[in-house]
Amino acid sequence: MATDPFPQHLPTLDRLGVFDPSNVSSSEIAAEWLNAFSAAITQSDTAAIVDLFLEDGFWKDVIALTWDLRTFRGRNDIKKLLDARLAATGLYELCLLQEPLTEPVLQNVFPDFAWLRFCFGFTTKHGKGTGVVYLVPLPDSKWKAYTLLTCLDSLINFPQKLGNLRNKEADHGSWEEKRRQETELANNDPTVIVIGAGHSGLETAARLKYIGVPTLVIDKKPRVGDSWRDRYKALCLHDPTYYNQTLYLNFPPTWPLYTPAAKLADWLEGYARFLELDVWTASTITKTSWNDSTKAWTVEISRGGKGTRVLTVKHLVFATGSGGRPIVPDIPGKASFKGSTMHSSEFKSAANHVGKKAIVVGCCNSAHDIAQDFCSHGADITMYQRSSTLVISAESVAAMLGAIYKDGFPIELADTYNTSLPWAVGRLLHQRITPAVAETADKEILDGLAKVGFKTNLGIDGAGVMSLYLERGGGYYIDTGASKSIIDGDIKIKSGSTIESFTENGLRFADGTELQADVIVFATGYGDPRDFMRDVCGDEVASKITRVWGLDEEGQSAGAWRYCGHDGLWFANGNLALSRFHSLHLALQIKAIEEGILNKADVVI
């Protein structure tokens with residue numbers, strides 16, 4: 001049995017020896033703790049600082065002290081962080097935030113578990129940031145930090161050019177020509193090339209542009225947004241609009257709760273245009289070389305019918321998605337099959353298969369969407385389930401996110417709260433929430449699926465949909481309707497036996513059964529996100545890159561949005577929420593390197 005990397009338990013009232021902490025002044029407790037914390041920092045008394053934490057407390061840092069995404073667990077490791085980085089970065093001007101939505105508040109998370117959350121602003125030698133602290137009570141009426149976040153929001157000398165810092169010059173006819181020259185790189189090479197004009201690439205480019213880093217986005221497809229536009233026609237986001245807002249330019253209040261992929265594609269095309277991002281479409285990188293002395297890339301780009309350009313840049317950012325090449329299982333006898341086969345990435349619509357027999361291999365989001373599309377077009381559709389699947393209703397996901405992702409709640413603050421807990425803590429919460437949702441809101445769906453033989457699970461270690469997303473980037477279905485079709489028998493299920501081979505008319509299984517099909521769609525996932533980087537940069541560079549997707553031993557992103565093993569090479573991967581938030585931290589790291597603020601070799605913990 002694998003060793004659990006996060007073996008902690010929640011500090012429940014029982015474990016802490018506390019009965020009812022509710023009759024307290026949250027503001028007074030927060031101020032008292034922050035004053036003690038600030039005094040200890042001023043005196044560089046790291047022993048006093050760590051004494052303000054539980055013995056097994058956490059300090060999570062988002063590039064404020066470490067210029068990295070790090071989580072330190074336990075007083076010893078927190079002290080190592082402070083001994084290594086407190087003097088180097090500084091931590092000044094700590095200020096308790098008491099505005100609405102940031103004010104100190106006692107939260108009864110579960111009947112046996114409560115904490116007091118508060119926020120504070122801080123300044124380092126190079127930037128300003130936000131801290132979030134979660135205190136828990138002790139029997140002597142003292143409160144100690146269970147977990148603390150320090151998150152860098154801006155660089156002091158290089159703020160984002162927003163609001164009062166926007167361009168204030170009136171333009172009398174030169175704007176179009178200026179934009180043409182900027183987009184064509186008429187005068188200078190960019191500092192950064194972002195590969196991929198999907199949401200992650202565009203938001204990263206926007207962050208970089210408005211922090212003063214010249215950036216070019218390239219994409220092999222003809223139009224911005226084609227990475228969404230070219231997927232199957234029935235694709236619609238499974239999580240709500242409040243969670244999926246784009247930075248600097250929010251969806252209007254008329255926007256549907258669940259966004260169709262084609263609509264998102266059009267939005268991204270307008271987004272790139274309105275934010276004046278420099279994008280080359282129908283363009284591919286044909287050659288790269290890295291100069292370790294100058295820390296620069298030479299990049300050759302074929303622009304389709306517009307010739308070839310060779311650029312010298314400092315950074316390459318791969319925003320080519322959380323997966324790599326499509327994975328299709330190698331099944332014997334494919335040549336004998338008389339029907340058609342395709343990966344889900346090639347599937348467009350079931351409209352051409354009305355009345356036909358279809359099999360979808362796989363049982364996660366894409367598989368369900370495609371099976372429902374076949375069902376809606378009158379096909380005889382069977383899903384082949386290879387292993388159990390986490391199923392949660394879209395309504396339950398929206399309810400879980402809805403505490404902070406909703407109308408009237410600032411998206412920046414929602415993102416800060418969303419990242420404020422280490423995964424080790426978040427996992428413990430999800431291990432309670434997930435079975436509770438399964439036994440209440442989603443019980444009817446899950447019971448119905450069980451009756452027809454559809455196998456479900458509760459995620460990795462019972463930690464729900466987020467455990468699967470963060471670790472694997474998939475393995476779940478957020479139900480937007482296909483579960484009812486399965487329960488009603490309109491989508492049939494085959495499971496419990498491995499595929500043995502193709503036949504002339506379908507698939508044969510190890511149990512001796514055969515499923516007939518005119519078309520078989522393999523919704524079997526994607527490979528490593530390093531695949532595309534290897535194609536562009538070669539094996540020597542690729543050999544230095546860490547794992548990109550998944551979590552490291554601290555519960556942080558393994559290689560996205562942070563140093564990944566090679567100078568000047570980055571990955572921007574994730575859903576719309578992750579990209580909106582961490583694009584800032586990637587941009588700040590690049591800006592700090594370019595301005596001589598950050599030298600990775602100097603950051604040793």
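# Notebook: cavities, a sheet and some hairpins

**Entry 1, cavities.** I started with enclosed spaces and counted 2 cavities of 30 Å³ or more. I should jot down right away that this is a predicted model, so every value here is computed from it.

I took the largest cavity to begin with, and its volume comes to about 120 Å³. Its lining holds 15 residues. Which of them lie nearest its centre? I noted Leu390, Val391, Ile392, Thr434 and Val437. Then I checked which elements they belong to: β18 (389-393), α12 (423-439) and α14 (464-472) each put at least two residues into this lining. Helix α12 has the largest share, with 5 residues. By class I got 10 nonpolar, 4 polar and 1 charged residues around the largest cavity.

The second largest cavity has a volume of about 40 Å³. I could write out its lining in full: Ala64, Trp67, Thr89, Thr124, His126, Gly127 and Leu152. How does that lining divide by class? It has 3 nonpolar and 4 polar residues, and no charged ones.

**Entry 2, a pocket.** Next I looked up an open space, the second largest pocket, and found a volume of about 1,100 Å³. It is lined by 34 residues, and those closest to its centre are Lys178, Glu182, Lys209, Tyr210 and Glu276. I wanted to know where the lining comes from. Helices α5 (175-183) and α6 (199-209) and strand β9 (215-218) each supply at least two residues. Of the elements, α5 gives the most, with 5 residues. The class count for this pocket is 16 nonpolar, 7 polar and 11 charged.

**Entry 3, a parallel sheet.** I moved on to a sheet of 5 strands. It is open, its pairing is parallel, and the order I read off is β15-β25-β16-β17-β21. Why do β15 (340-343) and β21 (491-495) each have one side without a neighbour in the sheet? They stand at the edges and have a single partner strand each, so nothing in the sheet flanks their other side. I also looked up the twist: on average, neighbouring strands here are turned by 20° against each other, direction ignored.

Then I picked out β16 and followed its partners. Residues 357-361 make up this strand, and it pairs with β25 (residues 519-522) in the parallel sense over 4 bridges. On that side, Val360 has Val521 of β25 as its bridge partner. Strand β17 also runs parallel to β16, and 5 bridges join the two. There I found Lys357 opposite Asp380 in β17. A reminder to myself: strands of a sheet pair through backbone hydrogen bonds.

Is β16 mostly covered or mostly open? Mostly covered, since I count 4 of its 5 residues as buried. One helix I noted beside this part of the sheet is α9 (residues 365-376), which lies across β16, β17 (380-385), β21 and β25. I wrote down its direction too: α9 runs at about 165° to β17.

**Entry 4, two hairpins.** Further along the chain I looked at β22, β23 and β24. Strands β22 (residues 499-502) and β23 (residues 506-509) pair in the antiparallel sense over 3 bridges. Ile499 stands opposite Phe509 in β23. How many residues sit between β22 and β23 in their hairpin? There are 3.

β23 then pairs with β24 (residues 514-516), antiparallel, over 3 bridges. In that pairing, Leu507 has Leu515 of β24 as its bridge partner. These two strands form a hairpin as well, with 4 residues between them. In the turn I spotted Gly512, whose phi is positive at about 90°.

**Entry 5, helix α16.** My last stop was α16 (residues 530-537). Which of its residues are buried? I listed Asp531, Met533, Val536 and Cys537. I looked up the cover over them, and it includes strands β11 (284-291), β12 (296-302), β14 (315-318) and β26 (569-571), along with helix α17 (539-542). Just after α16 comes Gly538, with a positive phi of about 95°.

Technical notes
Residues numbered from 1 in each chain as written. Predicted model: local features only at pLDDT ≥ 70, side-chain atom pairs only at ≥ 80, totals over all residues. Heavy atoms only, no water. 1 Å grid on protein atoms, 1.4 Å probe; cavity = no way out; pocket = protein on both sides within 12 Å on 5 of 7 lines; lining within 4 Å. Points joined across faces, edges and corners; volume = space filled by probe spheres on them. Nonpolar A, V, L, I, M, F, W, Y, C, P; charged D, E, K, R; others polar. Pairing = 2+ DSSP bridges. Axes fitted to C-alpha atoms, helices over the stretch in contact; angles between N-to-C directions. Contact = heavy atoms within 4.5 Å. Buried < 20%, exposed > 50% of the residue type's maximum accessible area, 1.4 Å probe, protein only.
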